[in-house]
Amino acid sequence: MADMPSIPILDLGPEVEELWPQLNEAIQKVLRSQQFIMGPEVTLFEEEVAAWLGSKHAIALNSGTDALVIGLRALGVGAGDEVLTSPFTFFATAEAISSVGATPVFIDIDPQTFNLDPEKLEEYITPETRAIIPVHLYGQACDMARIKDIAEKHGLKILEDVAQAFGATFGHRKLGTLGHAGAFSFFPSKVLGCYGDGGLLATDDDNIAQDARMLRVHGARRKYFNEVVGYNSRLDALQAAILRVKLPYVDQWCRDRQGVASIYDRALAGVANLKAPVAAGWGEHVYHQYTVRIAGGLRDAVKNHLESEGVSTMIYYPVPVHQLPLYQGCGATVPVAEQAAREVLSLPIWPQMGQEIVERVAGSLISGMRAVVS
């Protein structure tokens with residue numbers, strides 16, 4: 001394989017080339033406007049993305065992490081509260097809970113979808129429980145019907161973590177619009193990504209939206225009339241302009257990702273010790289990541305084999321959050337998440353990937369499985 005080009009986990013080059021004239025025009029427009037922070041580009045993006053999501057409000061922010069933090073505060077979550085969430089996620093989910101003074105309570109995941117298992121939620125609800133953060137991991141919805149039923153029964157708020165699932169659905173509704181608010185990330189690798197940091201909070205609640213808008217500008221409704229301690233979490237106009245160019249393409253990119261996933265599915269069917277991702281069937285999976293499970297303690301050896309053949313892979317996530325130093329000793333009992341951390345491997349995927357590249361990755365994976373077993 002030495003004479004073949006390497007395959008990255010993600011290649012943004014085709015996207016940039018395809019959209020170059022529009023991106024260039026949008027960037028130059030912002031530069032000439034001299035309005036670089038907030039301003040009309042941000043307002044227009046908020047209006048367009050709210051309409052696309054089917055949400056009453058969209059509040060553009062500096063990052064997905066800020067969307068979680070500001071979302072929690074706008075929901076009234078703070079010191080002394082508990083928030084139920086998944087341990088099988090990026091650190092920012094739990095970090096946001098801790099940042100507002102609350103305590104994350106880790107609930108085990110479903111082995112098929114990698115998402116929070118709603119059947120385990122109720123046993124962890126206490127008088128201090130205030131909210132649930134379901135994480136829609138890898139581009140697929142949690143079981144939002146069951147989670148909403150439990151939240152309503154116990155009077156809990158729901159803040160959806162949609163960082164990896166922009167464009168995915170539960171039923172006919174876009175994720176991020178089923179709870180009280182939805183937190184999005186526009187990190188460059190996401191389904192809709194900018195070329196820097198960016199985030200968004202979506203909600204239908206006027207009060208949540210009003211508080212989020214205040215919190216993103218140092219806790220002020222009017223400049224220099226600060227009411228609470230807030231944040232400097234404004235989206236740059238350049239990033240808003242880039243996101244406005246890309247938003248109309250998201251539907252097609254999601255279909256293309258599903259097409260890549262279907263090629264992987266066919267190629268990897270029946271491979272021993274390997275399990276392809278499972279689409280739950282309650283909505284559109286957008287395959288932000290195509291993540292397989294490799295059993296029998298073989299994952300790391302297979303990953304090394306793929307690297308030797310020029311195929312990049314990633315492990316999302318090698319350490320469940322409850323095992324990180326900050327949360328060790330929290331007493332979480334999450335064996336399914338711990339097993340997933342030992343077995344998951346995410347393969348290269350992007351909308352313009354093409355069948356030849358997908359089949360080369362799949363072939364390398366299959367040969368790697370055979371090599372480490374023999």
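**Close-ups of rings, cavities and pockets**

**Figure 1. Charges over rings.** R222 sits over the face of F225, with 4.0 Å to the ring centre. This is a predicted model, so treat the close-ups here accordingly. A lysine does the equivalent elsewhere: K174 lies over the face of W52, at 4.4 Å from the ring centre.

**Figure 2. The pocket around R222.** Stay with R222 and you are in the second largest pocket, which has a volume of about 310 Å³. The lining counts 13 residues, and those closest to the pocket centre are V217, A220, R222, K223 and Y224. Two elements, α6 (206-215) and β10 (220-222), give two or more residues each to this lining. The largest share, four residues, is from α6. Sorted by class, the lining of the second largest pocket holds five nonpolar, three polar and five charged residues.

**Figure 3. An aromatic cluster with Y316 and Y317.** Across the structure there are 16 aromatic pairs. Take Y316 and Y317: their ring centres are 5.7 Å apart and their planes meet at 70°, so this pair goes down as edge-to-face. The two tyrosines belong to one aromatic cluster together with F88, F90, F114 and Y138. Are Y316 and Y317 buried or exposed? Y316 has 18% relative accessibility and Y317 has 12%. The cut-off for buried is under 20%, so Y316 makes it, and Y317 does too.

**Figure 4. The largest pocket.** Two members of the cluster, F90 and Y317, turn up again here. The largest pocket offers about 560 Å³ of space. It is lined by 29 residues, and F90, S185, F187, K190 and Y317 are the closest to its centre. Which elements give two or more residues to the lining? They are α3 (64-74) and α4 (92-99). Of the elements, α3 gives the most, with three residues. The lining of the largest pocket splits into 13 nonpolar, twelve polar and four charged residues.

**Figure 5. The largest cavity.** Now for enclosed space: the structure has three cavities of 30 Å³ or more, and the largest has a volume of about 80 Å³. Its lining is made of 15 residues, with L12, E15, K190, R257 and P351 the closest to the centre. K190 is a familiar name, as the largest pocket also has K190 among the residues closest to its centre. What does the lining of the largest cavity look like by class? It comes out as seven nonpolar, three polar and five charged residues.

**Figure 6. The second largest cavity.** This cavity holds about 60 Å³ of space. Two of the cluster members, F114 and Y138, are part of its wall, along with Q112, T113, L137, Q140, P277, V278, H285, Q289 and T291. How many charged residues are in this lining? There are no charged residues here, but five nonpolar and six polar ones.

**Figure 7. A proline in a loop.** P118 is found in the loop between β3 (103-106) and β4 (129-133). With a relative accessible area of 9%, P118 is buried. What does P118 touch beyond its sequence neighbours? Leaving out residues up to four places away in sequence, P118 is in contact with D143, R146, I147 and I150. Take R146 from that list: R146 and P118 are 28 residues apart along the chain, yet their C-alpha atoms are separated by 6.4 Å.

Key: Residues are numbered from 1 along each chain as its sequence is written. This is a predicted model: local features need pLDDT of at least 70, side-chain atom pairs count only at pLDDT 80 or more; totals for chains, interfaces and linings use all residues. Side-chain values use heavy atoms; hydrogens and water are left out. Rings of Phe, Tyr and Trp (its six-membered ring) pair if their centres lie within 6.5 Å; planes under 30 degrees apart count as stacked, over 60 as edge-to-face and the rest as tilted. Buried means under 20% relative accessible area, exposed over 50%, partly exposed in between (1.4 Å probe, protein chains only). A charge sits over a ring if NZ of Lys or CZ of Arg is within 6 Å of the ring centre and within 35 degrees of the ring normal. On a 1 Å grid over the protein atoms alone, a cavity is a set of points where a 1.4 Å probe fits but cannot get out, and a pocket is an open set with protein on both sides within 12 Å along at least five of seven lines; lining residues have an atom within 4 Å of a point. Grid points are joined across faces, edges and corners, and a volume is the space filled by probe spheres set on the points. Ala, Val, Leu, Ile, Met, Phe, Trp, Tyr, Cys and Pro count as nonpolar, Asp, Glu, Lys and Arg as charged, and the others, Gly among them, as polar. Contact means heavy atoms within 4.5 Å.
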